[in-house]
Amino acid sequence: MTTAAEASMINPVTLFLTADIVVQAIMLGLAVASLWSWAVIIDKAVRFSALNRQANSFEQDVGSGRSLEEIAAQAGPNPAHPLPRMLVIALADWREARTRGPLTENHANLLMSRIDRALDSLIAREGQRVENGLGVLSVVATSSPFIGLFGTVWGIMNAFGAIALSGNTNLSTVAPAISEALFATALGLAAAIPAYIAYNKFSIDAGKFTGRLESFADDLQAAVARRLGGSTAPSSPPVTGDHSRREL
């Protein structure tokens, strides 16, 4: 049967209230770090889900056989998602070049270079945007165990101090300080483990999404190159075929 003293040593509130001021500060810091990391985790999960869902819908539109101009017009002049925004940028540069008259080989090369720089710049900005917040997860994952360990060391020092003051090595003398120390370690691990798992998952997701943008940018440049190499008529051929092959 658990006694009142034993129950107090496993009660988190009691452990916090009876802890040394230094250990209390460590516990509070770890609790705040854990809440912060969970806020980032939830935000990233929602954002990646929305980005991939919208990307899937856009790719289905591109692979449906509709023209690129029609899809770009549906997306609007300044779409929020990077995939349709890349299409709008590429087609805007294409139309601007066509309004200047027949395209020479030099003009065509300049157009391809301009589109390439614009798409690369957009991909770089979007890559940074999807990685925002991952630094928080990295810091929490790497530092929380050591902060908790510091609380553990401090609590054990308090336990030895209690032994020195009382001159008694009975377990009841050192149990409270040791319980506080172990609780600080547990808080450090509780903050670090979810942050570490989420950091690795979202880092992989960010890399996959950036690769998705780069692949679509290559497809857009290939589509523009086919137009430059073939007919210079302003109307675009319909998009046909399986978009998994990414033939725009």
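**Figure 1. Salt bridges around Asp 61 in the predicted model.** Asp 61 has a relative accessible area of 23% and is therefore partly exposed. This value, like every other in these legends, comes from a predicted model. The side chain of Asp 61 meets that of Arg 66 in a salt bridge, with a distance of 3.8 Å from N to O. Arg 66, at 21% relative accessibility, likewise counts as partly exposed. The view also takes in Glu 70, since Asp 61, Arg 66 and Glu 70 are linked in a network of salt bridges. As a general principle, side chains of opposite charge can pair when their charged atoms come close. In total, the structure holds 8 salt bridges.

**Figure 2. A salt bridge between helix 5 and helix 6.** Asp 93 and Arg 114 form a salt bridge in which the closest N and O atoms are 3.9 Å apart. This pair links distant parts of the chain, with Asp 93 in helix 5 and Arg 114 in helix 6, 21 residues apart. Is Asp 93 buried or exposed? The relative accessibility of Asp 93 is 11%, so this residue counts as buried. Arg 114, by contrast, has a relative accessibility of 26% and therefore counts as partly exposed.

**Figure 3. A salt bridge within helix 3.** Asp 43 and Arg 47 are joined through their side chains by a salt bridge of 3.0 Å, N to O. Both residues belong to helix 3, where they lie 4 residues apart, about one turn of the helix. Because its relative accessibility is 34%, Asp 43 counts as partly exposed. Arg 47 appears again in Figure 5, as one of the residues closest to the centre of the largest pocket.

**Figure 4. Aromatic pairs between helix 3 and helix 8.** The structure has 3 aromatic pairs, and two of them are described here. How are the rings of Phe 48 and Phe 202 arranged? Their centres lie 5.8 Å apart and their planes meet at 15°; planes under 30 degrees apart count as stacked, so this pair is stacked. Phe 48 is in helix 3 (residues 21–62) and Phe 202 is in helix 8 (residues 171–229), so that the contact links parts of the chain 154 residues apart. Both Phe 48 and Phe 202 are buried. The pair of Phe 58 and Phe 216 is edge-to-face, with 5.5 Å from centre to centre and 75° between the planes. This pair also links distant parts of the chain: Phe 58 is in helix 3, Phe 216 is in helix 8, and the two are 158 residues apart. Phe 58 and Phe 216 are both buried.

**Figure 5. The largest pocket and its lining.** This pocket has a volume of about 270 Å³. Its lining consists of 14 residues, of which Arg 47, Leu 51, Glu 126, Arg 129 and Val 130 are the closest to its centre. Which elements give two or more residues to this lining? They are helix 3 and helix 6 (105–131). Helix 3 provides the largest share, 7 residues.

**Figure 6. The largest cavity and the residues around it.** Rolling a probe the size of a water molecule over the atoms shows where empty space is left. The structure has 1 cavity of 30 Å³ or more, and the volume of the largest cavity is about 40 Å³. Its lining is formed by Leu 68, Ala 90, Leu 91, Leu 220, Ala 223, Val 224 and Arg 227. Two or more of these residues come from each of helix 5 (82–99) and helix 8. Helix 8 gives the most to the lining, with 4 residues.

**Figure 7. A nonpolar patch on the surface.** Phe 146, Leu 149, Val 153 and Met 157 together make a nonpolar surface patch of about 420 Å². One of these residues, Phe 146, is found in helix 7 (residues 134–166). Phe 146 counts as exposed because its relative accessibility is 59%. In contrast with this exposed ring, the phenylalanines Phe 48 and Phe 202 of Figure 4 are buried.

**Figure 8. The helices that frame the preceding views.** The secondary structure comprises 8 helices and 0 strands. Read along the sequence, the pattern is α-α-α-α-α-α-α-α. Of the 248 residues of the protein, 38% count as buried.

Definitions and conventions:
Residues are numbered from 1 along each chain as its sequence is written. This is a predicted model: local features need pLDDT of at least 70, side-chain atom pairs count only at pLDDT 80 or more; totals for chains, interfaces and linings use all residues. Side-chain values use heavy atoms; hydrogens and water are left out. Rings of Phe, Tyr and Trp (its six-membered ring) pair if their centres lie within 6.5 Å; planes under 30 degrees apart count as stacked, over 60 as edge-to-face and the rest as tilted. Buried means under 20% relative accessible area, exposed over 50%, partly exposed in between (1.4 Å probe, protein chains only). Patches are made of residues with over 30% relative accessible area and no salt bridge: like charges are joined within 9 Å, nonpolar side chains (Val, Leu, Ile, Met, Phe, Trp, Tyr) within 5 Å. Accessible areas come from the Shrake-Rupley method with a 1.4 Å probe; for residues, only the protein chains shown count as cover. A salt bridge is a side-chain nitrogen of Lys or Arg within 4 Å of a carboxyl oxygen of Asp or Glu. On a 1 Å grid over the protein atoms alone, a cavity is a set of points where a 1.4 Å probe fits but cannot get out, and a pocket is an open set with protein on both sides within 12 Å along at least five of seven lines; lining residues have an atom within 4 Å of a point. Grid points are joined across faces, edges and corners, and a volume is the space filled by probe spheres set on the points.
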